[in-house]
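Here is a short briefing on one chain, meant to be read beside the coordinates. Please keep the viewer open while going through the points.

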Amino acid sequence: MIDDDTFLNKPNFTKMVEHKVLETKQSYMDAVVDLCTRLDIDPIDVKKFVSPAIQAKIAADAMTLNLI
């Protein structure tokens with residue numbers, strides 16, 4: 001897991017999301033929201049940290065849940 005003092009950037013945030021999903025068996029969407037809460041980041045502002053791979057996984061989760 002990434003330490004809290006590690007500079008937040010796209011690769012580090014991606015690792016944090018992947019770790020959270022594996023650790024808690026949450027959806028990618030829930031993992032991103034949980035990390036936003038923990039890191040005190042507005043979910044609207046997190047877009048710059050979400051990699052295209054995570055965006056695709058969130059979209060797949062959303063399609064599975066008939067959200068899009």
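The points below run from the whole chain to its helices, loops and side-chain contacts.

This is a predicted model. The chain holds three helices and zero strands. Its pattern along the sequence is α-α-α.

**Confidence**

- The mean pLDDT of the chain is 88.
- Of its residues, 90% reach 70 or more.
- Among the elements, helix 1 has the highest mean pLDDT, at 95.
- Helix 3 has the lowest mean pLDDT, at 92.
- Where pLDDT is low, predicted coordinates should not be read in detail.

**Whole chain**

- The chain has 68 residues, and 32% of them count as buried.
- Its accessible surface comes to about 4,600 Å².
- Carbon and sulfur atoms contribute 58% of that surface.
- Take the contacts with a separation of 6 or more: 49% of them join residues 24 or more positions apart.

**Helix 2 (28-39)**

- The helix has twelve residues, which at 1.5 Å a residue should span 16 Å. Its end C-alpha atoms are 16 Å apart, so the model agrees with the expected span.
- Which residues of helix 2 are buried? They are Tyr28, Ala31, Val32, Leu35 and Cys36.
- Viewed down the axis of helix 2, these buried residues fall within an arc of 140°, so they line one face.
- The cover over the buried residues of helix 2 includes helix 1 and helix 3.

**Helix 3 (52-64)**

- Helix 3 has 13 residues, with an expected span of 18 Å at 1.5 Å a residue. The distance between its end C-alpha atoms is 18 Å, which agrees.
- Its buried residues are Ile54, Asp61 and Ala62.
- Down the axis of helix 3, the buried residues fall within an arc of 100°, so they too line one face of their helix.
- Facing away from the buried side of helix 3 are the exposed residues Pro52, Met63 and Thr64.
- Helix 1 (10-24) and helix 2 (28-39) are among the elements that cover the buried residues of helix 3.

**Positive phi values**

- Lys25 sits in the loop between helix 1 and helix 2. Its phi is near 60°, a positive value in a residue other than glycine.
- Is Lys25 buried or exposed? Lys25 counts as exposed because its relative accessibility is 69%, and the cut-off for exposed is over 50%.
- Asp40 comes just after helix 2, in the loop between helix 2 and helix 3. Asp40 is not a glycine, yet its phi is positive, at about 55°.
- With a relative accessible area of 72%, Asp40 is exposed.
- Asn66 follows helix 3 and has a positive phi near 55°.

**The aromatic pair**

- How many aromatic pairs does a search of the whole structure find? It finds one.
- The partners are Phe13 and Phe49, and the pair is tilted. The centres are 6.2 Å apart, with 40° between the planes.
- Why tilted? The angle of 40° is neither under 30 degrees, which would be stacked, nor over 60, which would be edge-to-face, so the pair falls in the remaining class.
- The pair links distant parts of the chain, with its members 36 residues apart. Phe13 belongs to helix 1, and Phe49 to the loop between helix 2 and helix 3.
- Phe13 is buried, with a relative accessible area of 1%.
- Phe49 is also buried, with a relative accessible area of 15%. The value of 15% counts as buried because the cut-off is under 20%.

**Contacts of Val17**

- Val17 lies in helix 1. At 0% relative accessibility, Val17 counts as buried.
- What does Val17 touch, not counting residues up to four places away in sequence? Its contacts are Tyr28, Ala31, Val32, Leu35 and Ile54.
- Tyr28, Ala31, Val32 and Leu35 are among the buried residues of helix 2, and Ile54 is one of the buried residues of helix 3.
- Val17 and Ile54 are 37 residues apart along the chain, and their C-alpha atoms are separated by 8.1 Å.

How values were computed: Residues are numbered from 1 along each chain as its sequence is written. This is a predicted model: local features need pLDDT of at least 70, side-chain atom pairs count only at pLDDT 80 or more; totals for chains, interfaces and linings use all residues. Side-chain values use heavy atoms; hydrogens and water are left out. Helices (H or I, at least four residues) and strands (E, at least two) are DSSP runs, numbered from the N terminus. The expected span of a helix is 1.5 Å times one less than its number of residues. Buried means under 20% relative accessible area, exposed over 50%, partly exposed in between (1.4 Å probe, protein chains only). The arc is that of the directions from the helix axis to the C-beta atoms. Contact means heavy atoms within 4.5 Å. Rings of Phe, Tyr and Trp (its six-membered ring) pair if their centres lie within 6.5 Å; planes under 30 degrees apart count as stacked, over 60 as edge-to-face and the rest as tilted. Accessible areas come from the Shrake-Rupley method with a 1.4 Å probe; for residues, only the protein chains shown count as cover. pLDDT is the predictor's confidence in each residue, from 0 to 100.
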